[in-house]
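Welcome! Here is a short briefing to help you find your way around a structure that may be new to you.

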Amino acid sequence: MQQWKVLFRKELKESLRNYKWLWIPVVFVLLGITQPLTSYYFADIIEQFGALPEGAIVDIPPPTSAEVLAGTLGQFNQIGLLVLVLAFMGTVAAEKNDGTLIMVLAKPVAHFNYLTAKWVHVLVLAVSSFLLGYAAAVYYTILLIGSISFSQVVISALVYCLWLCFVMTLAVCLSALLNSSGLAAFATLATALILSIASIYAPDLVKGSPGMLTVYSEQYLYAGEPEDGFWLGVIVTAGLIFIMMSAAIYLFKNQEAAKNAG
Amino acid sequence: MNELIASLQEVNWPLIAPLFLLSLILMITALVDCLKRGQTNGPKILWILVIVFINFFGPIVYFLFGRRNNE
């Protein structure tokens with residue numbers, strides 16, 4: 001446990017030093033603020049800058065709070081996810097390439113501690129950035145658009161967090177197993193994209209898929225009650241996170257052992 | 001000109017201010033990091049231009065790719 005804490009503190013210090021704890025939350029808050037603001041000023045923006053014919057009447061129905069927050073989650077899913085995965089693509093792979101990994105593991109450091117310290121740190125940073133950004137979005141939405149029930153906001157946020165954890169776990173695992181950070185990022189984003197596409201075009205076939213969690217969190221904002229397959233998705237995703245992490249630790253250990261033997 | 005001033009006064013500043021402030025924080029952090037760093041991934045002057053002139057995405061791209069080995 002002592003060792004784990006040291007490794008975790010090393011991660012924390014490193015990402016404080018390269019400003020990850022500053023700029024990633026700021027990016028999420030900016031994304032969170034932008035969506036309610038543009039929804040609120042949408043009619044004005046169209047009137048000012050849209051090339052509408054003279055005398056055209058702009059009649060756009062004002063969006064509901066649920067729509068705006070669902071739009072915010074969509075923004076997080078595009079730019080936010082991209083930023084997070086690219087920021088952490090090298091979390092293990094880069095240390096492999098620049099030799100830090102050999103230095104760390106030359107000491108009697110358990111692979112389990114090394115990998116889980118990194119993993120927990122990535123999840124903490126990702127989840128807190130998301131929660132900050134989402135809180136900003138909710139604040140602006142209530143201020144500008146209208147109120148929304150507290151439980152709807154909280155549950156949609158929790159479900160979205162689980163999806164975020166799934167993607168970041170995948171990113172850490174792939175970074176540990178592959179030698180190139182670029183390849184790890186590409187594989188993670190491709191998987192996230194495929195899961196998202198499947199959840200849009202064949203939602204009935206992939207009810208328990210992690211990709212459905214984004215759909216469930218948005219639908220919870222609209223309906224306020226769990227959709228069919230909601231709990232299945234949650235359980236399958238939590239299980240997958242556990243399996244991926246266990247497999248990654250096992251394979252990572254063997255990989256390093258094979259390297260030392262050879 | 002008067003029209004511009006009038007429209008500027010119409011803007012709800014307390015609402016928009018956080019947006020500018022956060023963008024500024026992002027830009028300044030990236031700029032400070034870039035200037036303090038010995039070497040960047042590519043010409044430094046180019047990164048400075050990217051950070052200053054491309055709003056929001058400029059600093060992000062610098063943080064992601066401007067530093068060597070994602071350090």
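The notes below look at the interface of chain A and chain B, and then at Ser15(A). This is a predicted model, where local features need pLDDT of at least 70, side-chain atom pairs count only at pLDDT 80 or more, and totals for chains, interfaces and linings use all residues. Residues are numbered from 1 along each chain as its sequence is written, chains are lettered from A in the order in which they are written, and side-chain values use heavy atoms, without hydrogens and water.

**Where the chains meet**
- In chain A, 26 residues are in contact with 24 residues of chain B (contact means heavy atoms within 4.5 Å).
- The two chains bury about 2,100 Å² between them, with 76% of it on carbon and sulfur atoms (this is the accessible area, 1.4 Å probe, lost on being put together, summed over both).
- Tyr19(A), Trp23(A) and Leu30(A) lose the most area to chain B, together 29% of what the chain A side buries.
- Zero salt bridges are found across this interface (a side-chain nitrogen of Lys or Arg within 4 Å of a carboxyl oxygen of Asp or Glu).

**A look at Ser15(A)**
- Ser15(A) lies in helix 1 (residues 2-17) of chain A (helices are DSSP runs of H or I, at least four residues, numbered from the N terminus).
- Ser15(A) is buried, with a relative accessible area of 4% (buried means under 20%, 1.4 Å probe, protein chains only).
- Leaving aside neighbours within four places in sequence, Ser15(A) is in contact with Lys20(A), Trp21(A) and His121(A).

Definitions and conventions:
Helix = DSSP H or I, 4+ residues; strand = E, 2+ residues; numbered from the N terminus. Buried < 20%, exposed > 50% of the residue type's maximum accessible area, 1.4 Å probe, protein only.
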